[in-house]
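Student: I would like to learn how to read a model like this one. Could you take me through it step by step?

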Amino acid sequence: MAILKVNNLSKSFGKVKAVREVTFEATEGKVLSLLGPSGCGKTTTLRCIAGFENPDRGEIYLDDRKITSIPPEKRGIGMVFQNYALWPHMTVYGNLAFSLQIRKVPKPEIDKRIKKVLSMVQLEGYENRYPRQMSGGQQQRIAMARALVFEPEIMLLDEPLSNLDAQLREEMRFEFTELQRKLGITAVYVTHDQAEALVISDKIVILDQGKIVQSGSPKDIYSNPKNKFVAGFIAVTSFINGRIDSFTEEKKKVIVKTDDGLAIHGFNNSFDIGQKVSVAMRMNVIKFIQDENKNDKNTVNMFRGKIIQSSYLGNIIDYKIKVGNWEVRTNSDAKYNFKIGEEVTFYLSPEDIIVTREE
Amino acid sequence: MQKSVFRKTIEIIIFTVFIFFLFTPVLSLGIWSVALRWYWPHTLPQKIGFDYWLQALGITKSLTLGAVNVVPAFLLSLGIAIIVVIITMMIAIPAGYALAKLKIPALLKGIILILFLLPRAFPQQPVFLNLMLMFNKIGLTGTVFGVILVHLVVGLVFAVWITTSTFSSIPPELEEAARSVGATRLKAFLKVTLPISAPGLIASAVFVFLTSMDEFTGTFFVGLPFVTTLPMTLYSASGSNIQFASVIAILLLIPSILFMILIQKFLKAEHLGGMGG
């Protein structure tokens, strides 16, 4: 199975620079996700790899073969489209056999391979159905089967699960991962859903406005976001902005001070004194203190705030808390039944918060 | 669900009116075509016979003030229509595909489409009069070739717009999916785009055919004096012999009605869809 190398890829549409010097590598047998908000260039990048867009600059290599200028039909790439693009005038059999007929595979072999790929996506016996007779989830699985039946070197997926409802999407994520692992096929997966990227990826490449912002494993991106954008994109995050005031613990930690007098302790990441930073906190890091007198050891990062919003989600409650001039959100156990307007005390462990750069 | 008697009555009335407006003209033509003698104030013909039909079809010789054999004109109209359809589609399909699929700047695309619209944008008689004068200079008046050219221009107006619209409505991902599994552009067109766009293309062809069969003004100016198509015989007859004219009118209606029946069976939305869940 192949290794994909994308080198300095650039593509503009008129004045819009959709992709700017994008460079990354997809490792054999692994899933690489292109993640980012709408308009970040991830789909354009994918289409350049597939051959449906011609890059202005840069090269694409598949297994050391330069494929930048060769037409899509000669690249040996299987592609799954966002709206499946199944051919409505052909049955499932027709859709799957098409690629094999082009390659002049004999009919008995075609039948065999179709049977095999249909069982892989758990749709045995569906050969004679038409796409319009199947549900969205089934069509999506046929679209995947179609991309795999001719055993391509690499698989490209353009937000394949976006059109499915939430529950089905979650199921299909796992099915995709299982299928991909079983076949050991290399995959490049475009998505705007950060949860999806975290679940399925071996490597995530985050794009914003055409440029790569950060790439790494899901854990890297989640725990060590390079800047505020990545921190906020990869998961719901609250931010408190301030400046680096001083170092502690032999420069292992920093104290961030905000304009309205909050002092927050977090871990140092090569910051300078006075540098503008954002303190990022995820939804699960705020720890409420019910009885102030009981906690004397956690004097660091203790704050008072007021509940300004409360959303009941069954097992948890989503609170919005006003701290100084800032609003922070947290998911909290439903046992803390705070009312709107109630004053609360909470603390943040320095391990749980991430001090990030603005840019 | 119980429909009230009132509601049912209204529906029947509307249906009857609809049928009335649809079929009465044809019925009227039908009665005229078999009326041998019909003078006011009788509501129905006094004498009925198929004489004019037989004369029109060349089965019996015509008498003075009677009908002439229109079969040659009918066959000529038919032949011209078929040739025009073939040539028009040979131009309109690639043109429509290019205008729909290829990356052409919007301004250029607009200009080309407007160009294809222009022949119909002006009053027909001045346009065709002028055309006749120009064709006369190069010896194309009175020739079948000249008439075919006129029908081509008229037919292309509709054909190019319809094919462009048909190809535009096919999602590009369908062709891209074909190419991603190994099909060349041509193969993707033949195996995916063409079958899916067939209903629209056939509708376009039928439209061109019917337009050609019925074309009068241009054919009149360019075709005279040697080329006589069916609409022209209708024009000549309508001044003198209404029964004969009615026969020709019904003959002209036959292809339209036949195609309507065929299309109604063919254009069922069986092959539409297939995109997304």
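Student: What does the secondary structure of chain B come to?

Tutor: Happy to help, and keep in mind that this is a predicted model. Start by counting elements: chain B has eleven helices and two strands. Then read their order from the N terminus, which is α-β-β-α-α-α-α-α-α-α-α-α-α.

Student: What radius of gyration does chain B have, and what would a compact globule have?

Tutor: Set the two values side by side. For 277 residues, a compact globule would come near 19 Å, but chain B has 24 Å. Along the principal axes, the C-alpha atoms of chain B fill a box of roughly 70 × 70 × 35 Å. As for burial, 33% of the 277 residues of chain B count as buried.

Student: Now chain A, please. How far apart are the end C-alpha atoms of helix 3?

Tutor: Use the rise of 1.5 Å a residue: helix 3 of chain A (residues 107–120) has 14 residues and should span 20 Å, and its end C-alpha atoms are 20 Å apart, so the two agree.

Student: Which residues of helix 3 of chain A are buried?

Tutor: They are Ile114(A), Val117(A) and Leu118(A). These residues cover an arc of only 100° around the axis, so they sit on the same side of helix 3 of chain A. The other side of that helix has Pro108(A), Glu109(A), Lys112(A) and Ser119(A), which are exposed.

Student: What do the buried residues of helix 3 of chain A pack against?

Tutor: Their partners are helix 2 (92–102) and helix 4 (136–148) of chain A. One last backbone detail: just after helix 3 of chain A, Gln122(A) has a positive phi of about 60°.

How values were computed. Residues numbered from 1 in each chain as written. Chains lettered and ligands numbered in written order. Predicted model: local features only at pLDDT ≥ 70, side-chain atom pairs only at ≥ 80, totals over all residues. Helix = DSSP H or I, 4+ residues; strand = E, 2+ residues; numbered from the N terminus. Rg over C-alpha atoms; globule rule 2.2 N^0.38 Å. Buried ≥ 20, exposed ≤ 12 C-beta atoms within 10 Å, placed from the backbone. Expected span 1.5 Å × (residues − 1). Arc of directions from axis to C-beta. Contact = placed C-beta atoms within 7 Å.
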